[in-house]
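Got your viewer open and a cursor ready? Load the model below and follow along, one selection at a time.

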Amino acid sequence: MIDCGIGPRTAAGRMKGLGIGVGDVSAICLTHLDSDHFNPAWARRIAQQGIALFCHQDRTDELSRLGGGAAEFARLIRPFNAHPFSPVEGVHFTAIRLDHDEHGSHGFRIDGFGARIGYATDLAAQTANSSVNSAAPASWPSKAITIRKCKPTAIGPGF
Ligand SMILES: [Zn+2]
């Protein structure tokens, strides 16, 4: 799963009819830690279920704090950097740093099962004077998108 900004109960409701459930989630890859991308309501579920939680290496301390600081939660955090990683067998993620706020965000190039997709969200950078960059639609392609050789199939809402 990419990001977990909605709580596990809401996620369970949205998964109904897809043939999967929250109990099937074995890994979560976080683009960044804004509350609409990481909801601390997941912390207990992550710890109980042993869900591997992938987060950029610069944000793991903050993620541990957001998760309540419990050792059972912190031990599941898997830091990623510029090197590809494999959250589940047969699927390889390459993180791509994107502009967002002072911490940035990450999109992913995802390769697996004979296909490649890109995932990006919150593509416009916030400025110190505005929470929403109204110039985003005109500026984001040249500044933020660095995913190449894949069809954009998932672009999250937000900035
Ligand atoms: Zn954000």
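What follows is a short walk through the chain, from its start to a hairpin. Keep in mind that this is a predicted model.

**Stop 1: before the first helix.** Select Asp 3, which sits in the segment ahead of α1 (8-15). Check its backbone: phi is positive, about 65 degrees, although the residue is not a glycine. As background, most residues other than glycine have a negative phi. Is Asp 3 buried or exposed? It counts as buried, because 20 C-beta neighbours lie inside 10 Å, and 20 is the number at which a residue is called buried.

**Stop 2: the loop after α1.** Now pick Gly 21, in the loop that links α1 to β1 (27-29). This one is exposed, with 11 other C-beta atoms within 10 Å. Leaving out residues up to four places away in sequence, Gly 21 touches Ala 12 and Met 15. Try a distance to Pro 8 as well: the two are 13 residues apart in sequence, and their C-alpha atoms are 9.8 Å apart in space.

**Stop 3: a parallel sheet.** Show β1, β2 and β3 together. They make an open sheet of three strands in the order β1-β2-β3, with parallel pairing. Which strands stand at the edges? β1 and β3 (77-80) do; each has a single partner strand, so one side of each is left without a neighbour in the sheet. Look at the sheet's twist too, which averages 25 degrees from one strand to the next.

Zoom in on β1 and β2 (residues 52-56), which run parallel and are joined by three bridges. To find one pairing, select Ile 28 and look across to Leu 53 in β2, its bridge partner.

**Stop 4: the nonpolar core.** Stay with Ile 28 and Leu 53, since both show up again here. The largest nonpolar core has 25 residues, and those with the most contacts inside it are Ile 28, Cys 29, Leu 30, Ile 46, Leu 53, Phe 54 and Phe 108. Colour the contributing elements: β1, α2 (43-49), β2, β5 (91-98), β6 and β7 each supply at least two residues of this core.

Phe 54 is a good place to centre the view. What does Phe 54 touch, not counting residues up to four places away in sequence? The list is Ala 27, Ile 28, Cys 29, Leu 30, Arg 78, Phe 80, Phe 85 and Pro 87.

**Stop 5: strand β4.** Next, select Ser 86 in β4 (residues 85-88). With 13 C-beta neighbours inside 10 Å, Ser 86 counts as partly exposed. Its contacts, again not counting residues up to four places away in sequence, are Val 91 and His 92. Draw a line to Ile 110 too: Ser 86 and Ile 110 are 24 residues apart in sequence but 9.4 Å apart in space, C-alpha to C-alpha.

**Stop 6: the hairpin.** Finish on β6 (105-112) and β7 (115-120). These strands pair in the antiparallel sense over five bridges, and they form a hairpin with two residues between them. Gly 112 stands opposite Ala 115 in β7.

Now click Phe 113, in the loop between β6 and β7. Here is another positive phi in a residue other than glycine, near 55 degrees. Is Phe 113 buried or exposed? Phe 113 is exposed, with 8 other C-beta atoms within 10 Å. Flip back to Asp 3 to set the two positive-phi residues side by side: Asp 3 is buried, whereas Phe 113 is exposed.

Conventions
Residues numbered from 1 in each chain as written. Predicted model: local features only at pLDDT ≥ 70, side-chain atom pairs only at ≥ 80, totals over all residues. Helix = DSSP H or I, 4+ residues; strand = E, 2+ residues; numbered from the N terminus. Buried ≥ 20, exposed ≤ 12 C-beta atoms within 10 Å, placed from the backbone. Contact = placed C-beta atoms within 7 Å. Pairing = 2+ DSSP bridges. Axes fitted to C-alpha atoms, helices over the stretch in contact; angles between N-to-C directions. Core = buried A, V, L, I, M, F, W, Y, C linked by C-beta atoms within 7 Å.
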